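This briefing goes through one protein structure topic by topic. Please keep the sequence and the 3D view at hand while reading.

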Amino acid sequence: MRITHLRRFGLAAALASSLALFGVSQSASADAPADVSFTADQTAATPGSTVNLKMTFTNNQTTDVWFVYQSVQPTWATTQRPDLKYSLAACTGEGVTCTGTGTTSIGVNYSVPVAPGTSRTVTIPVQIAANSGCNGNIAFYSYVYYEYNDSQSHKDGTFNSPTTRVNCATPAPDGAH
């Protein structure tokens, strides 16, 4: 009988320890700044217009970041609307270059090292084609992988951009010039 009680006690103790650690890690991560953040200069656009996404990578570690891999691609819901036509036209930012501009997904390269507490911001214009469909949403997600602590540690994750609603252009009222 004692062995059964010890097994139950051990299982309960292990479960309680796991829950305690999970709770501690959740509160600690809630206080940490995000590795990547997005903003958009508008939440709605019409065919033929441009929306500027700003994406900021922040080194929230205590050592330099020596390697960063980042990609930006449309969300699954966006890809389900083939009538929405757009491209990621360019990429501008200090210490940042992009590959694949002019397409619907790009790679982002940062000059390294990225010192602790510093950020790199890139602006990505999303050009919505004049012949694009409307009444749909365009959104992106970014996958980021980076190494720090002399490449002894790494971190990765996905981050979502704001959603831009593509509205139909409003026709001019009759008699307007």
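A cavity is a set of grid points where a 1.4 Å probe fits but cannot get out, and its lining residues have an atom within 4 Å of a point. The model discussed here is predicted. The topics are the internal cavity, the two sheets, the disulfides and a few backbone features.

**Cavity**

- The count is 1 cavity of 30 Å³ or more.
- The largest cavity holds about 40 Å³ of space.
- Its lining is made up of Val51, Leu53, Val126, Ile128, Ile138, Phe140 and Thr164.
- Sorted by class, the lining of the largest cavity has 6 nonpolar residues and 1 polar residue, with no charged residues.
- Two strands, β3 (50-58) and β8, each contribute at least two residues to this lining.

**Five-stranded sheet**

- One open sheet has 5 strands in the order β6-β7-β4-β10-β11, and the pairing is antiparallel.
- At its edges are β6 (96-99) and β11 (153-160), each of which pairs on one side only.
- On average, neighbouring strands of this sheet are turned by 15° against each other, direction ignored.
- Within the sheet, β4 (residues 65-74) and β10 (residues 140-148) pair in the antiparallel sense over 9 bridges.
- Gln70 is placed opposite Val144 of β10.

**Three-stranded sheet**

- Another open sheet has 3 strands in the order β2-β12-β9, and here the pairing is mixed.
- The edge strands are β2 (44-45) and β9, and each of them pairs on one side only.
- β9 and β12 run antiparallel and are joined by 3 bridges.
- Gly136 stands opposite Val166, a residue of β12.

**Disulfides**

- The structure has 2 disulfides.
- Counting bonded cysteines along the chain, the disulfides follow the pattern 1-2, 3-4.
- Cys91 and Cys98 form one disulfide, with their sulfur atoms 2.0 Å apart.
- The link of Cys91 and Cys98 is right-handed, with 60° about the S-S bond.
- Cys91 and Cys98 are both buried, a term that stands for under 20% relative accessible area.
- Cys134 and Cys168 form a disulfide, and their sulfur atoms are 2.0 Å apart.
- The link of Cys134 and Cys168 is right-handed, with 60° about the S-S bond.
- Cys134 lies in the loop between β8 (119-128) and β9 (136-138), and Cys168 lies in the segment after β12 (164-166), so this disulfide ties together parts that are 34 residues apart in sequence.
- Cys134 has a relative accessible area of 22% and is therefore partly exposed, because the buried class ends at 20% and the exposed class begins over 50%.
- Cys168, at 34% relative accessibility, is also counted as partly exposed.

**Cis peptide bond**

- The peptide bond that joins Val112 and Pro113 is cis, with omega about 5°.
- Pro113 sits in the loop between β7 (106-110) and β8.

**Positive phi values outside glycine**

- Asn135 has phi near 60°, a positive value in a residue other than glycine.
- The position of Asn135 is in the loop between β8 and β9, the loop that also holds Cys134 of the disulfide with Cys168.
- With a relative accessibility of 44%, Asn135 counts as partly exposed.
- Ser151 has phi near 65°, again positive in a residue other than glycine.
- The loop between β10 and β11 contains Ser151.
- Ser151 is partly exposed, and its relative accessible area is 39%.

**Points to look up in the 3D view**

- Where does Cys168 lie? Cys168 is found in the segment after β12.
- Which residues line the largest cavity? Among them are Val126 and Ile128, together with Ile138 and Phe140.
- Which strands are at the edges of the sheet with the order β2-β12-β9? They are β2 and β9.

Definitions and conventions:
Residues are numbered from 1 along each chain as its sequence is written. This is a predicted model: local features need pLDDT of at least 70, side-chain atom pairs count only at pLDDT 80 or more; totals for chains, interfaces and linings use all residues. Side-chain values use heavy atoms; hydrogens and water are left out. A disulfide is a pair of cysteine sulfur atoms within 2.5 Å. Buried means under 20% relative accessible area, exposed over 50%, partly exposed in between (1.4 Å probe, protein chains only). Helices (H or I, at least four residues) and strands (E, at least two) are DSSP runs, numbered from the N terminus. On a 1 Å grid over the protein atoms alone, a cavity is a set of points where a 1.4 Å probe fits but cannot get out, and a pocket is an open set with protein on both sides within 12 Å along at least five of seven lines; lining residues have an atom within 4 Å of a point. Grid points are joined across faces, edges and corners, and a volume is the space filled by probe spheres set on the points. Ala, Val, Leu, Ile, Met, Phe, Trp, Tyr, Cys and Pro count as nonpolar, Asp, Glu, Lys and Arg as charged, and the others, Gly among them, as polar. Two strands pair if DSSP finds at least two bridges between them. Axes are lines fitted to C-alpha atoms, for helices over the stretch in contact, and angles run from 0 to 180 degrees between N-to-C directions.
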